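User: Please take a close look at a single part of the structure shown below. I would like one connected explanation of how that part is built and how it fits with the rest of the chain.

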Amino acid sequence: MRIDDRTTPGHDLGLSKREAEVMELIATGHSNGEIARLLFLSEKTVKNHVNRIYAKLGVDSRMTAICRWRGEPAPSVPSTPVPSTPVPSAPGQIPGEDGAQAGQAVLKLVRLDGQGRA
């Protein structure tokens, strides 16, 4: 039977005592393997704890879990615009062989006979 300790760090986030221990080690920069050795657990058990922690905190990475644990705002990832390739409007306006842009690799599919010859 587990005794609910209301003073356990992370309790207000819904973490168990063991999950709070694991989260504290994550927040101090330990890897899953290091956490496993420090807490005398298998690495698979640590991974299971980490997955439950992520689910309870509603996060999907160590960085956002650490920020949530510390009560800090999650860092925003700057979005970099993806360059778009212009689509030619008419045949003959395509620069490069087989529709490739200059400097772009072209993959040609060739039907081979059973001997590896085209």
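Analyst: The expected span of a helix is 1.5 Å times one less than its number of residues. This rule can be applied to helix H3, residues 43-57, in what is a predicted model. H3 has 15 residues, and from its first C-alpha to its last it reaches 21 Å, which is close to the 21 Å expected.

Before H3 is examined further, its setting should be described. The chain contains 4 helices and 0 strands, and along the sequence the pattern reads α-α-α-α. Of the 118 residues in the chain, 25% are buried.

Which residues of H3 are buried? They are Val-46, His-49, Val-50, Ile-53, Tyr-54 and Leu-57. Around the axis these residues cover an arc of only 140°, so they lie on the same side of H3. The other side of the helix includes Lys-44 and Ala-55, which are exposed. H3 therefore has a buried side, confined to that arc of 140°, and another side on which Lys-44 and Ala-55 are exposed.

What covers the buried residues of H3? The cover includes helix H1 (17-27), H2 and helix H4 (62-70). Each of these helices may be taken in turn.

H2 spans residues 32-39, and Asn-32 lies within it. Asn-32 has a relative accessible area of 15%, and because buried means under 20%, this residue counts as buried. Apart from its neighbours within four places in sequence, Asn-32 is in contact with Glu-43, Val-46, Lys-47, Val-50 and Arg-62. Val-46 and Val-50 in that list are also among the buried residues of H3. With Arg-62 the link is a polar contact, made between the two side chains at 3.0 Å.

Between H2 and H3 runs a loop, and Phe-40 lies in it. At 77% relative accessibility, Phe-40 is exposed, because exposed means over 50%. The backbone at this position also deserves attention. Most residues other than glycine have a negative phi. Phe-40 is not a glycine, yet its phi is positive, at about 55°. At the other end of the helix, just after H3, Gly-58 takes a positive phi of about 70°.

H1 is the next part of the cover. Its buried residues are Glu-19, Ala-20, Val-22, Met-23, Leu-25, Ile-26 and Ala-27. What covers them includes H2, H3 and H4. H1 and H3 thus each form part of the cover for the buried residues of the other. Ile-26 shows this in detail: not counting residues up to four places away in sequence, it touches Ile-35, Val-50, Arg-62 and Ile-66. Val-50 is one of the buried residues of H3, and it is also in contact with Asn-32. After H1 comes Gly-29, with a positive phi near 90°.

H4 completes the set. Ala-65, Ile-66, Cys-67 and Trp-69 are buried in this helix, and their cover includes H1 and H3. Arg-70, also in H4, is partly exposed, with a relative accessible area of 48%. Arg-70 and Ala-27 are 43 residues apart in sequence, while their C-alpha atoms are 8.3 Å apart in space. In the chain as a whole, 41% of the contacts with a separation of 6 or more join residues 24 or more positions apart.

These elements come together in the core. The largest nonpolar core has 20 residues, and those with the most contacts inside it include Leu-57, Ile-26, Ile-35 and Trp-69. H1, H2, H3 and H4 each supply at least two residues of this core, and the largest share, 6 residues, comes from H1. Leu-57, already named among the buried residues of H3, is thus one of the residues with the most contacts in the core.

In summary, H3 is a helix of 15 residues with its buried residues on the same side, and their cover includes H1, H2 and H4.

Notes:
Residues are numbered from 1 along each chain as its sequence is written. This is a predicted model: local features need pLDDT of at least 70, side-chain atom pairs count only at pLDDT 80 or more; totals for chains, interfaces and linings use all residues. Side-chain values use heavy atoms; hydrogens and water are left out. Buried means under 20% relative accessible area, exposed over 50%, partly exposed in between (1.4 Å probe, protein chains only). A polar contact is a pair of N or O atoms within 3.5 Å; within protein, one must be able to donate a hydrogen and the other to accept it, and residues adjacent in sequence count only if both atoms are side-chain atoms. Contact means heavy atoms within 4.5 Å. The arc is that of the directions from the helix axis to the C-beta atoms. A nonpolar core is a set of buried Ala, Val, Leu, Ile, Met, Phe, Trp, Tyr and Cys residues joined through side-chain atoms within 4.5 Å.
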